[in-house]
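The exercises below are meant to be worked through with the sequence and the coordinates side by side. Please attempt each task before reading its solution.

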Amino acid sequence: MTGITAFSSPAAAPGTDATVVGENLSLPLFRTLSGVLAGHPYLKVVVDRTEQTWHLLDTAVHPFHVNYVATRILGMDLDELDARLDAFNASVYTDPGRRFLLGVLSLHADEDAEGRERPFLVLETTEADTMDGPLLQEFYDFVRERVDGRLPLLLKPANHAQEAALAPVSDVRLPRILSHELFVSRPRTPLNTGEAIGRLRWFRSLEEYRAHASGLGWSDVVAMDCLPDDVPRVAGFINAAPITPLSHTNVLASGWGIPNAIVRDLARLVEAEGLDGAWVRYRVRDDEVSLVRLHEVPELAEPAWHQQRIRLEPPLLEDVPVLELRRLRREDHDRYGTKAANLGELHHVLDSRTADLTAFYGRSRPPRKDLYGHLASRLTASPDPEALHQAASEFVAATVTAPDGVALPFALQHRFLISSPALQQGIGKLKMALELGATDVLDPLCLSLQQLVRGTPVPDEVAARITGPFPDSACRRRLVVRSSSNAEDLPGFSAAGVYDSITTVHGTDELLDAVRQVWASLLSPRSVRLRHEAGISLDDTYMGVIVQEYTPAELGGVLVTCNPTRREDFRNVYINCTPGSPESVVDGTALPLQYLYNTVEGGGRTVDLGSAGEDLPAAARARLADLALTGRLLQSHFSDDPDDPLDIEWLMTDEGGFRLVQLRPYAL
């Protein structure tokens, strides 16, 4: 058995409460009281400044600090607490004169110079806590005096404001560790929760993977340093090197509902346990990553997704004009593609300011009736729904812009395809192969068709309509050509990274070549296989194209309006970014800066510095907080359900403004 977990903690007997008041904390007592979060034992702490004592909460019995404080210390009942929960939270998390200091102690380990494991404790507050420097010092000193002196204790600032408050304080006076420092030391990181039984396939290099990729099947768990974007649909992913939860492969894992995690010492485990080629039970949870070898080959049922089918609305191929993006609306997706239609809708939202952007905050979050008060505080607005609606629209319009550009309709691709008998014949052969299940000939058929698309002349009338919006002066400037299919950016089928975008286009000849390349990506072996697996017919699939002038970017990235590694977290928005364009984030060529921003109580924290090695300036991080809140507000309009998250690609221009270049559903 191979258990990929950092620690295990014995739980208290059912029905008992081992909560301790006033005692010093030893490691055995910690283990008795603690639960497990993100693979590490943790213990809730309440310091009573009035009584000069502390409470060590039995995690199994007391999951919430405020419930314990209210009922066990102050004698309130839960109904009374629920009735004034926001005011009570303010009294314990934001009041400078608060009686109680609330936090969490978590147990971690590193290695000393001789390679021996060395445990240490980390103390932190909740992410929304506004403790200033003196309160954090008091909290740390109180806990330090009562913890076994043989255990190192570090304070972890919970947000950027606490980091700034502690900047003048020496590390000797207050030893600390930052969130991103702790994150990168984690040996196992859940990326997408789930469970699978399958055969582990361990690849030591990309070349080794390429040599065996054709033999991968739906029952395999693929493990390697960093999985390629074109990995087929399998039972699970394991990465031995760091990646972001917003990488293409994890977006695929999320959309497919398969487990995915980072296991840094995977090579050692595979070698020690002989796991390559073995059948395993692979489980990824919010607080655990486990891999257990099975000694008998299991009988596996055919996966449910073999029967799942995504139905597209029939594409409309009538002769419609090339249009500016701002003239499109969401309902135009069946003529110009989902991506173009969503950008047109974004123009409408920003220009008209009539869309309801507050629906997410209007949802009941028991015991709260809604979160309007929190949103009003963030926007410095009245909690009155009409005033809040207007304030939200003004805030979004002041924070982001939509890109200019034109959308080429499906009709142009259709005219191009029917202009060539060779293309028609090739597509007919591909359809026949799909119908017969002749998977061995799919790849050569697709590659041949792609080459034919790229080499077939564009009819003069079609070419004139493509180049018409771009006179010679505009074509000499750098253009960006993006896909906008009706088989992407859909609930249940994101197609992230599947179709081509070309970002360095100059002149009419390059423009026509780029459009044909985007059209050809609809016929790539990978895109054809993925759509076929999802039940999307080749007959129903068409490609629109977006053409825009290139915009230089100071910063670029992706945000999702959720916490992808904690599904129950409705507060946080996750942002990844790198200097320059967002492509390096989504294609995995650079490990991005990673942030979480609380869009309810406010505040943000740095999760990982990625390849950058240093954090963004405080002013840039504050701007990202505005972007995070904007994404949350747009979710209310662009999602079918206001709680369904969005995936947004964005740029920060040289002038410091944000431009959104793509909005689509984020699969959970």
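**Exercise 1. Work out the strand order of the five-stranded open sheet, and find its edges.**

Solution. The order of this open sheet is β15-β17-β20-β18-β19, and its pairing is antiparallel. Strands here are DSSP runs of E with at least two residues, helices are runs of H or I with at least four, and both are numbered from the N terminus; two strands pair if DSSP finds at least two bridges between them. The edges are held by β15 (323-324) and β19 (502-505), each of which has a single partner strand, so one side of each is left without a neighbour in the sheet.

The next step is to follow β15 to its partner: two bridges join β15 to β17 (residues 406-408), and these strands run antiparallel. Within that pair, Glu-324 has Val-406 of β17 as its bridge partner. Finally, helix α12 lies across β17, β18 (479-485) and β20 (543-549), and runs at about 110° to β18; angles are taken between N-to-C directions from 0 to 180 degrees, with axes as lines fitted to C-alpha atoms, for helices over the stretch in contact.

The model is a predicted one, in which local features need pLDDT of at least 70 and side-chain atom pairs count only at pLDDT 80 or more, while totals for chains, interfaces and linings use all residues. Residues are numbered from 1 along each chain as its sequence is written, and side-chain values use heavy atoms, with hydrogens and water left out.

**Exercise 2. Describe the open sheet of seven strands and state which helices pack on it.**

Solution. The strand order is β16-β26-β25-β21-β22-β23-β24, with mixed pairing. At the edges are β16 (400-401) and β24 (604-608), each pairing on one side only. Two bridges connect β16 with β26 (residues 658-665), and these two strands run parallel; in this pairing Val-400 stands opposite Phe-658 of β26.

Helix α12 (residues 338-352) packs on this sheet by touching β16 and β26, and its direction makes about 125° with that of β26; contact means heavy atoms within 4.5 Å. Helix α24 (residues 618-638) also packs on the sheet, where the strands that α24 touches include β16, β21 (553-560) and β25 (646-653), and its direction makes about 140° with that of β25.

**Exercise 3. Locate the largest nonpolar core and a second, separate core.**

Solution. A nonpolar core is a set of buried Ala, Val, Leu, Ile, Met, Phe, Trp, Tyr and Cys residues joined through side-chain atoms within 4.5 Å, where buried means under 20% relative accessible area, exposed over 50% and partly exposed in between, using a 1.4 Å probe and protein chains only. The largest such core has 61 residues, and among those with the most contacts inside it are Leu-430, Trp-519 and Val-547. Helix α21 (residues 507-521) supplies the largest share of this core, seven residues.

Beyond four places in sequence, Val-547 touches several residues, including Gly-405, Phe-470, Val-481 and Leu-511. The second core is separate and has 53 residues, among them Leu-325, Val-400, Leu-633 and Trp-650.

**Exercise 4. Classify the packing of helices α18 and α22 and examine the residues in the contact.**

Solution. Helix α18 (residues 442-455) and helix α22 (residues 525-533) pack at about 125°, with their axes 8 Å apart. That makes α18 oblique to α22, because angles under 35 degrees count as roughly parallel, over 145 as roughly antiparallel, 65 to 115 as roughly perpendicular and the rest as oblique.

From α18 the contact draws on Leu-442, Asp-443, Cys-446, Leu-447 and Gln-450, and from α22 on Pro-525, Val-528 and Arg-529. These residues divide into five nonpolar, one polar and two charged, where Ala, Val, Leu, Ile, Met, Phe, Trp, Tyr, Cys and Pro count as nonpolar, Asp, Glu, Lys and Arg as charged, and the others, Gly among them, as polar. Gln-450 is buried, with a relative accessible area of 8%, and, apart from residues up to four places away in sequence, touches Ala-520, Ser-521, Leu-523, Ser-524 and Pro-525.

**Exercise 5. Identify the backbone feature at Pro-366 and Pro-367, and the sign of phi at Thr-380.**

Solution. Most residues other than glycine have a negative phi, and most peptide bonds are trans. Pro-366 and Pro-367 are joined by a cis peptide bond, with omega about 5°, and Pro-367 is found in the loop between α13 (359-362) and α14 (372-379). Thr-380 has a positive phi, near 50°, lies in the loop between α14 and α15, and is exposed, at a relative accessible area of 75%.
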